[in-house]
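User: I'd like to practise reading aromatic pairs in a protein model. Could you walk me through it, starting with burial?

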Amino acid sequence: VTAFNVIKMLSKEKLVEILSAITAPERVSIDDAELYCYSYDASVHRCRPDAVVWPENAEEISRIVRFANEYRIPVIPRGAATGDMGGALAIKGGIIVDLTRMNKIKEVRIEDLQVTVEPGVVFAQLNQELGKYGFFFPPEPGSGDACTIGGMVACNASGLHAVKYGVTRDYVLSLEVVLPNGRIIRTGPKVLKTATGYDLTRLFVGSEGTLGIITEITLRIRPLPRHFATAVATFDDLIKAGKAVSQIMKSGIVPSALEIMDKLRIQAVNQVMNLALPEAEGTLLIEVDGHPDAIQEEINLISRICQDEGAVSVVCSTDPKEREKLWAGRKAAYAALIRLYKPHIKPIQAFGNDIVVPVSKVPLMLQSIQDISRKHNILIATMGHIGDGNLHPTIMIDVTRKEDWEKAKAAGAEIYQTAIELGGSIAGEHAIGITRAPFIELEHADLIEHWKRIKQAFDPNNIMNPGKIGLDTIPKDPLVFLAYAKYFEGKTDAA
Ligand SMILES: Cc1cc2nc3c(=O)[nH]c(=O)nc-3n(C[C@H](O)[C@H](O)[C@H](O)COP(=O)(O)OP(=O)(O)OC[C@H]3O[C@@H](n4cnc5c(N)ncnc54)[C@H](O)[C@@H]3O)c2cc1C
């Protein structure tokens, strides 16, 4: 009997009765409209769950999971659903466990450089609180105003400042996790370092809800930098901008942000945000932070490097308003693309996005993206956290044309293949979910067997977020199956 069948054998009423007894009747839903809302995240996929539950503490989650394990019902943890790889969707049916009610900042311990939070705390909310003490949690995703700390830990999210400050994984000190059998564990002591055996904390970071539900997170925090300098360097060729990046990184300066945007992205941002940035083929947005004397010297050196590498213009600033404007524009770059063309020409995150290569290979990767774009006669708007080799080549298609989807899929597969050939990875920060599951063998063919054994050890009945990260079966071609269904088979979800 498959998990899906078991949930069908339990009547809907029975399911609601059990979940309500564990939580409360008003915190369980099988209502069609509610399930429809929960059939979405920020990905192209649509999958309808069987029920949604809103727990308020680890004990409730433990009882939900124990019940689901007994009946082999899939359990899908969910934060703010900003994930764009389908990670929080119930691809095999089951119960969505919405963690947004668990949104307390439990303890700020400045002298220990730590904060302990529930998983539903929103990134921006946490930094607002930490800011009062002059501290922050640095890995800032573009979705930081909405995404939860639980989702960030589950995806090992990062963003603008990873080049200097690292990714979420670098800040997680200890986790409380509900395992698939209902047991609640703590993965380690709340200390800044420990050297005692297997590191389960790091195993759960990036596990995308496939090993357990994270119910408490203790993070290391850092003092807020107080002085910044920025530079905007424009180039008449995107590859030249890529070469300047390698030079900056080997100069000994560690920028706190080093971003690249191509002309299409800059045009989109100018149009939506009114920034009046020069619309060059390649633009680098650079920031350094630290002591006022040091940042002045560093930004001058970066400016010289850009000029030596053929920059057409370099504009430096220490004005906080300029900095704010710059990063607001960068953060809006994806949303701006959506509004650049006619309503049916859209950026599609599903294909070839979010690759990482060694920084020295950035120019080669940028060249390949341009070649792939020409070969398939398809628009690709590129930007990325180029300082750590992380690129977001976003394919733009007419979503009403089936052949555009096919072209995007082929181009995306070639981008992934090239990144791997250059010694890189298919996912820098947005994780695997459903979208990249078909490609994971490209990168980890030798490791999948070991991954499966780890999964088996924690979750022998495969109830935790099944169908994700490439560990078990999903519809043969989930991209075609789910994304096309919406446009060509008149379906609004995959149910
Ligand atoms: C406009 C936009 C910009 C983005 N920019 C970035 C970026 O710059 N960097 C980046 O890294 N990502 C980015 N993302 C992707 C996404 O926002 C991040 O992956 C984010 O961390 C997801 O958090 P969430 O709370 O929305 O998680 P969800 O989407 O709800 O879930 C994501 C995954 O985490 C699992 N999960 C959630 N909570 C828990 C928990 N408590 N325990 C166990 N598993 C859990 C889910 O099952 C799912 O697999 C962006 C997305 C959008 C739409």
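Analyst: Sure. Buried means under 20% relative accessible area. Keep in mind that this is a predicted model. At 0% relative accessibility, Phe-137 falls under that cut-off, so Phe-137 counts as buried.

User: Is Tyr-171 buried or exposed?

Analyst: Tyr-171 has 2% relative accessibility, so Tyr-171 is buried. For the protein overall, buried residues make up 56% of the 495 residues.

User: Before the rings, what does the overall fold look like in numbers?

Analyst: There are 18 helices and 19 strands in the protein. Its radius of gyration is 23 Å, close to the 23 Å that the globule rule gives for 495 residues, so the protein is as compact as a globular protein of that length. Along the principal axes, the C-alpha atoms fill a box of roughly 70 × 60 × 40 Å.

User: How much of the contact network joins residues at least 24 apart?

Analyst: Take the contacts between residues at least 6 apart in sequence: 72% of them join residues at least 24 apart.

User: OK, on to the rings. How do I describe a pair?

Analyst: The general idea is that you give the distance of the ring centres and the angle of the planes. Searching the whole structure turns up nine aromatic pairs. One of them is Phe-137 with Tyr-171: the ring centres are 5.8 Å apart and the planes sit at 80°, so this pair is edge-to-face. The cut-off behind that label is an angle over 60 degrees.

User: Where do Phe-137 and Tyr-171 sit in the chain?

Analyst: Phe-137 is in the loop between β7 (135–136) and α6 (149–155), while Tyr-171 is in the loop between α7 (162–165) and β8 (172–178). They are 34 residues apart, and the pair links distant parts of the chain.

User: Which residues form one aromatic cluster?

Analyst: Phe-123 joins Phe-137 and Tyr-171 in one cluster.

User: Let me try another pair. Why is Phe-204 with Phe-458 called edge-to-face?

Analyst: Their ring centres are 5.5 Å apart and their planes are at 75°, so the pair is edge-to-face. Phe-204 belongs to helix α8 (residues 200–204) and Phe-458 to helix α17 (residues 448–458), so the pair ties together parts that are 254 residues apart in sequence. Both Phe-204 and Phe-458 are buried.

User: And what about the surface and the charges?

Analyst: The accessible surface comes to about 20500 Å², with 52% of it belonging to carbon and sulfur atoms. As for charge, the protein has 55 positive and 61 negative side chains, and the centres of the two sets lie 2 Å apart.

Technical notes:
Residues are numbered from 1 along each chain as its sequence is written. Side-chain values use heavy atoms; hydrogens and water are left out. Helices (H or I, at least four residues) and strands (E, at least two) are DSSP runs, numbered from the N terminus. The radius of gyration is taken over C-alpha atoms; the globule rule is 2.2 Å times the number of residues to the power 0.38. Buried means under 20% relative accessible area, exposed over 50%, partly exposed in between (1.4 Å probe, protein chains only). Contact means heavy atoms within 4.5 Å. Accessible areas come from the Shrake-Rupley method with a 1.4 Å probe; for residues, only the protein chains shown count as cover. Lys and Arg count as positive and Asp and Glu as negative; His and the chain ends are not counted. The place of a charge is taken as NZ of Lys, CZ of Arg, CG of Asp or CD of Glu. Rings of Phe, Tyr and Trp (its six-membered ring) pair if their centres lie within 6.5 Å; planes under 30 degrees apart count as stacked, over 60 as edge-to-face and the rest as tilted.
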